[in-house]
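Colleague: Pick one spot in this model and walk me through it closely. I'd like the geometry with it, and then how the rest of the chain fits around it.

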Amino acid sequence: MMDITNIRRGIQRYYPVTEASIRLLSSYFTEHRFPAKYLVIRGGIIDRHVYFIETGLTRSYCLAEGKEHTTWFSKEGDITFGLLCLYRNRAGFEYVETVEPTRAYSIPIHVLNRLYDTNIEIANWGRVVHQECLLALQRVRIDNLTLTAKERYETLLKMFPDICQRVNLGYIASFLGISISTLSRIRAEK
């Protein structure tokens with residue numbers, strides 16, 4: 001019997017999916033135990049899976065002019081995937097790398113889509129989780145345009161209170177769109 005306590009909690013955080021539907025969804029899971037610094041998804045390569053994180057942490061990033069730019073962090077109970085892989089069945093630009101040892105479960109995208117067609121609870125969960133992710137990404141984009149670096153850092157700490165204990169400061173600075181020295185100065189002021 002697989003322990004998916006954090007995944008269950010993460011799913012039900014967005015939509016009241018019944019235990020029967022969660023069992024159905026998880027019956028298609030394949031378990032993965034990834035070491036830290038493992039590339040789960042690589043830019044330029046189609047990955048036909050959605051990953052549900054039970055324990056651990058990943059970061060999503062893209063490359064621009066050879067430099068990594070962190071775009072998101074996914075923790076226990078979250079899902080992670082390649083956007084273009086999921087929505088367009090095309091190789092995407094993002095990379096997903098584990099930050100720490102991570103236990104995740106994958107489900108093939110075509111199976112998840114079939115479940116959306118046949119199970120209204122899973123379909124509604126999928127709709128709501130993707131809406132919330134879109135809104136969160138929009139919030140980050142607007143925050144990057146309107147908030148000071150210190151305010152962006154404080155907002156991140158509200159979303160991920162333990163982020164500084166789990167992630168290297170370079171990844172956090174990259175996510176916030178600031179230099180490591182600026183982040184160090186902000187942290188020293190607290």
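**A close look at phenylalanine 34**

Modeller: Let's go with phenylalanine 34, which counts as buried because its relative accessibility is 10%, and the cut-off for buried is under 20%. Bear in mind that this is a predicted model.

What makes the spot worth a visit is the company its ring keeps. For a pair of aromatic rings, the two things to quote are the distance of the centres and the angle of the planes. A search of the whole structure turns up ten aromatic pairs. One of them joins phenylalanine 34 to tyrosine 38: the ring centres are 4.9 Å apart and the planes sit at 15 degrees, so this pair is stacked, given that planes under 30 degrees apart count that way. Tyrosine 38 is not tucked in like its partner; with a relative accessible area of 36%, tyrosine 38 is partly exposed.

Phenylalanine 34 has another ring to deal with, that of tyrosine 51. Here the geometry is edge-to-face, at 6.3 Å centre to centre with 65 degrees between the planes. This contact links distant parts of the chain, since phenylalanine 34 belongs to strand E1 (residues 30-34) and tyrosine 51 to strand E3 (residues 49-55), 17 residues apart. Tyrosine 51 counts as buried as well, because its relative accessibility is 6%. So phenylalanine 34 is in a stacked pair with tyrosine 38 and in an edge-to-face pair with tyrosine 51.

Now for what else the model offers in the way of rings. Phe29, Phe52, Tyr105 and Trp125 make up one aromatic cluster. There's a charge over a ring too: the charged end of arginine 59 sits over tyrosine 171, 3.7 Å from the ring centre.

Trp125 also leads us to the empty space. Rolling a probe the size of a water molecule over the atoms is how you find out where such space is left. The structure has two cavities of 30 Å³ or more, and Trp125 lines the second largest, together with Ile11, Val17, Ser21, Ile22, Leu25 and Ile122. That void has a volume of about 30 Å³. Helix H2 (19-26) and H5 each supply at least two residues of its lining, with H2 giving the most, three residues. By type, this lining comes out as six nonpolar, one polar and no charged residues.

The largest cavity has a volume of about 80 Å³. Its walls include Val140, Asp143, Arg152, Met159 and Phe175. Helices H5 (120-146), H6 (149-159) and H8 (169-176) each bring at least two lining residues, and H6 has the largest share with four. Charge does turn up here: the lining divides into five nonpolar, two polar and two charged residues.

Zooming right out, the protein chain has nine helices and eight strands. Its radius of gyration is 17 Å, close to the 16 Å that the globule rule gives for 190 residues, so the chain is as compact as a globular protein of that length. Along the principal axes, the C-alpha atoms fill a box of roughly 50 × 35 × 30 Å. And of those 190 residues, 46% count as buried, phenylalanine 34 being one of the buried ones.

Technical notes: Residues numbered from 1 in each chain as written. Predicted model: local features only at pLDDT ≥ 70, side-chain atom pairs only at ≥ 80, totals over all residues. Heavy atoms only, no water. 1 Å grid on protein atoms, 1.4 Å probe; cavity = no way out; pocket = protein on both sides within 12 Å on 5 of 7 lines; lining within 4 Å. Points joined across faces, edges and corners; volume = space filled by probe spheres on them. Nonpolar A, V, L, I, M, F, W, Y, C, P; charged D, E, K, R; others polar. Phe/Tyr/Trp six-rings, centres within 6.5 Å; stacked < 30°, edge-to-face > 60°. Buried < 20%, exposed > 50% of the residue type's maximum accessible area, 1.4 Å probe, protein only. Lys NZ or Arg CZ within 6 Å of the ring centre and 35° of its normal. Rg over C-alpha atoms; globule rule 2.2 N^0.38 Å.
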